[in-house]
Amino acid sequence: MEGSLLEPLLYTVKGIAILDSDGNRILAKYYDKNVFPTSKEQKTFEKNLFNKTHRANAEIIMLDGLTCVYKSNVDLFFYVMGSSNENELILMSVLNCLYDSVSQILRKNVEKRAVLESLDIVMLAMDEICDGGIIIDADSSSVVSRVALRIDDIPIGEQTVAQVFQTAKEQLKWSLLK
Amino acid sequence: MSAFKRDKKEEEDSGGNPFQNIEKTSVLQEARIFNETSVNPRKCIPILTKLLYMLNQGEQLSAKEATDVFFAMTKLFQSKDVILRRLVYLGIKELSSIADDVIIVTSSLTKDMTGKEDIYRAAAIRALCSITDATMLQAIERYMKQAIVDRNPAVSSAALVSSLHMTKFAPEVVKRWVNEAQEAVNNENVMVQYHALGLLYHIRKTDRLAVTKLVARLTRMSLKSPYAVCMLIRIAAKLIEEEGADNSSPYFQYIESCFRHKSEMVVYEAAHAIVNLDRTTSRELAQAISVLQLFCGAPKPTLRFAAVRTLNQVAISHPAAVTACNLDLENLITDSNRSIATLAITTLLKTGAESSVDRLMKQIATFVSEISDEFKIVVVQAIRALALKFPRKHSVLMNFLSAMLRDEGGLEYKASIADTIITIIEDNPDAKETGLAHLCEFIEDCEHVSLAVRILNLLGKEGPKTKQPSRYIRFIYNRVILECPSIRAAAVSAMAQFGASCPELLENIQVLLARCQMDSDDEVRDRATYYSNILSKNDKSLYNNYILDTLQVSIPALERTLKEYIQNSTEEPFDIKAVPVVQISKPDEQDTKPKSEGMLISSGPTKTAPASREEQFAVRLSNLPDVQSLGPLFRSSEVIELTESETEYVVRCVKHCYARHVVLQFDCLNTLNDQLLENVRIQLEPSEGYKIVNQIPCPKLPYNETGTVYIVLQFPENDLPNSIGTFGAVLKFIVKDCDPATGLPDIDEGYDDEYMLEDLEVTLGDQIQKVSKANWGASWDEAESTFFEMEDTYALSSMNSLEEAVTNIIKFLGLQPQERSDKVPKGKTTHTLLLAGIFRGGIEVLVRAKLALADGVTMQLTVRSQNEGVSELITSAVG
């Protein structure tokens, strides 16, 4: 069974993409130089992927030798790609983390407009989830805490004590500096 | 924040996407605001976001544009705004590969990385490592070591992950951080643990002992992170595979214990590892399969998919074990996820019984139109396996396949169906006529030129052997009327084959060929004229040589020799025998690969076929002095190990056979890191008649490098029987002790040493190249009058079955079996094996071996060849 035992490597994720309801790219990252090296190949793959997935809500598909797990909400499609031998459940955990992080950042308002409004934060979150194909973190609350979400954007009830304390400290510091 | 409110307003004005119509020039223009003396985060963040969005959309910047914007971006370090700073890091990472002089930000990033703001540090490390190279790494090494063991898990993870990235260009430096990584494995944080394990394994992976220790330690201390456990399972599985350990090994027990882990991810990983291990026994397999069976009924599609995909793999190697899940798999056929349904059905096809075939095929028919081409190919491959397993079901399967052929579909899909039909035809004589009929129908309406050409070729080969060859002519001639030039040309060739093999059709074929001579395409006309000329000669041997048998030479070699021939304008006619004969690739290579069968890996565009081994060797050898004068390379043998694989020096040999010489290529590997070998040579004791012409030693052989020694020998002249011989060999060299770290010798003077190698044999097989005859019978009859024939009878007492005898004869003689005579039908006590090949110097050899099974195997061997000595050699070599 040559090739089906998995190499012990950390490079698990081949790509992450967020597409809109027309299959256009909002954000996408590919981590393996051998998988879709050019932007043209990437976009063709995304179109193809979108056509195969936007109707059937089936969570997982194999395409072009990659295992792709996906999830959609309103007008957004989230994808995580890995090699066809990869443990699908690991990929799924990354997808869940991506989705939940975005959902928390946008305060459960997961739609295209909201993503574009907070695009900077969503970019940072993607960067915190996966670096060069290695999963950095798959826990959405820890990702969100790391992406420097504007603290005063969270309603006070959802802040942790530490965050409140931090805000207070900052404000005090600024008032002293003035 | 207010920047976003403003953005919102803008967006309401423009309606929709604020990033819709961004242009490169305007964004770069706007980015100049970064250069203003006081940085305004509210203005800068949206612009930087736009820039990053634009890069993410695939917009390319020139080096100058990238450098300009990069430098402008560095100005933003003045601002204290957290988000702006983090976006700058992202920008640095994006631009680091395009812009020049990116190292300018090193000090700013180092400051952030070592500073107090935790929120900067992790991201700063990752940005810093993306702009660092091997030389600069030394400068920040101290900080990296500290970061790896930092209290903050984010910092530690970032450092570990970046270290792993950097092993690509600075493996030596990263290796020095092994102690820090070791410490990080014990970290409380789950992700740090996972990253540390990954880095540690990467650093240690070449050192088996260290890996064993690592695994032994970690399996005891129950890791918290499910990711780390998955990783550990993979490492353990790799160790089991490498050591050939059995199920009593602690690794095995560890993997088994993971079945009880609370995370599904780990349980699945363990099951996946177990089923993929070579030595899994049925007991462990049963456990793994019951886990997967459980997953089959899970509500999550991903879990079901994972389970059924793995079961599909198992079905190839252990079909019986999967039958326990048949009921669950049948439930999955109606799964709403088509991928799961397809995998389930193909698994069932692999494990199913003959009686269930009809039912399953009906079920597939209901959804086959809905699935993607990729999955259709998987279904087709499963059908192929089924057809080989149950030959009696061929009519059901064939009907199904032909229905699929008529559907819409891409080339790859159609080709796989055609391939399957062709395999069924070849394997099952009963299916031949129906199969050919289906293919004939298919080419009537086939949009893929390459496929049509292949099928026409097959018709030309197989059609004449059927009961009613004439019925195919109509289909083929229709192509001549209706299709594009390349198909017409193939059709002409196919018709000519009918003409050559079926005398009763010859007259009609000649009429058709005459019509083809009016064709508008050159190639078609040429072929028609050529064939009609040969056919009009009415000479069997001409037919055999120029219509039925095609060129056996390797095409790249032919091109090369023709080019050379044209360059040196000689009077001599071109000698086709000087072109190396192509080696017949083993057809079973693809068939035995279980992966291609079970998995859905469409490996993208297939790579262009690599030049044959002979070609590669020929190029290497022709660079050696004097070798060019030996003529073209005739055949290269397989690699032969002359030492055990784990000794101090590893020597492998390849025998290259020329018309009158043999070149021995010894690849030597030095596995001692404290020795430098010089003047490495092989002392050879050739058997009687051989002369050593030349010897090329290897001047220097440092640790872990492969050097090559060549010896050129001349075959015994006019003494064929002695060309089979055994040579004693000794490796001789000068040893210089050296420092393992630097590889430099301690002293200038070395001492002589030698190392015994195993004996080397030049066999009959080395001197014969396999060729395949399209029509062996015709060639054999033709050879009767012109070739030298020898015949002898042998008792092969050590063989217990016909199959064993056939395999051994083929291996020993190095000839190519013809007309599928290498497959012995089951239950027969007699068999005839037909072989063909070319002896060095271009002498054709045909062999017929009649085998009979009694006590042991009795063989009557008839050899026909163009040279008496060769016939004698072959008959005398057997026995």
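## A buried helix in chain B

A residue is called buried when its relative accessible area is under 20%. In this predicted model, helix H15 of chain B, which covers residues 250-257, offers a clear place to apply that idea, since B:Tyr251, B:Phe252, B:Tyr254, B:Ile255 and B:Glu256 are buried there. The buried residues of H15(B) pack against four helices of chain B, namely helix H13 (208-220), helix H14 (226-243), helix H16 (264-276) and helix H17 (282-296).

## Chain B as a whole

Chain B has 879 residues, and buried residues make up 52% of them. The chain contains 39 helices and 17 strands. When contacts in chain B with a separation of 6 or more are considered, residues 24 or more positions apart account for 64% of them.

## Where chain A and chain B touch

How many residues of each chain are in contact with the other chain? On one side there are 62 residues of chain A, and on the other there are 73 residues of chain B. The area buried between the two chains is about 6300 Å², and carbon and sulfur atoms give 59% of that area.

Between chain A and chain B, 9 salt bridges are found across the interface. A salt bridge joins the side chains of A:Glu128 and B:Arg126, with a distance of 3.4 Å from N to O. The two chains also have 27 residue pairs in polar contact, counted where both residues have a pLDDT of 80 or more.

The side of chain A that touches chain B draws at least two residues from each of several elements of chain A, including strand E2 (25-30), helix H1 (39-53), helix H2 (88-105) and helix H4 (119-129). The largest share of this side, 7 residues, comes from H4(A). Sorted by class, the side of chain A that touches chain B has 30 nonpolar, 11 polar and 21 charged residues.

## How confident the model is in chain A

The average pLDDT of chain A is 82, and 82% of its residues score at least 70. Confidence in chain A is highest in H2(A), at 93, and lowest in helix H6 of chain A (residues 161-177), where the mean is 67.

Over residues 151-156 of chain A the pLDDT is below 50, although this stretch has 11 contacts in the model beyond near neighbours in sequence. Where pLDDT is low, predicted coordinates should not be read in detail.

Definitions and conventions:
Residues are numbered from 1 along each chain as its sequence is written. Chains are lettered from A and ligands numbered from 1 in the order in which they are written. Side-chain values use heavy atoms; hydrogens and water are left out. Contact means heavy atoms within 4.5 Å. Buried area is the accessible area (1.4 Å probe) that two parts lose on being put together, summed over both. A salt bridge is a side-chain nitrogen of Lys or Arg within 4 Å of a carboxyl oxygen of Asp or Glu. A polar contact is a pair of N or O atoms within 3.5 Å; within protein, one must be able to donate a hydrogen and the other to accept it, and residues adjacent in sequence count only if both atoms are side-chain atoms. Ala, Val, Leu, Ile, Met, Phe, Trp, Tyr, Cys and Pro count as nonpolar, Asp, Glu, Lys and Arg as charged, and the others, Gly among them, as polar. pLDDT is the predictor's confidence in each residue, from 0 to 100. Buried means under 20% relative accessible area, exposed over 50%, partly exposed in between (1.4 Å probe, protein chains only).
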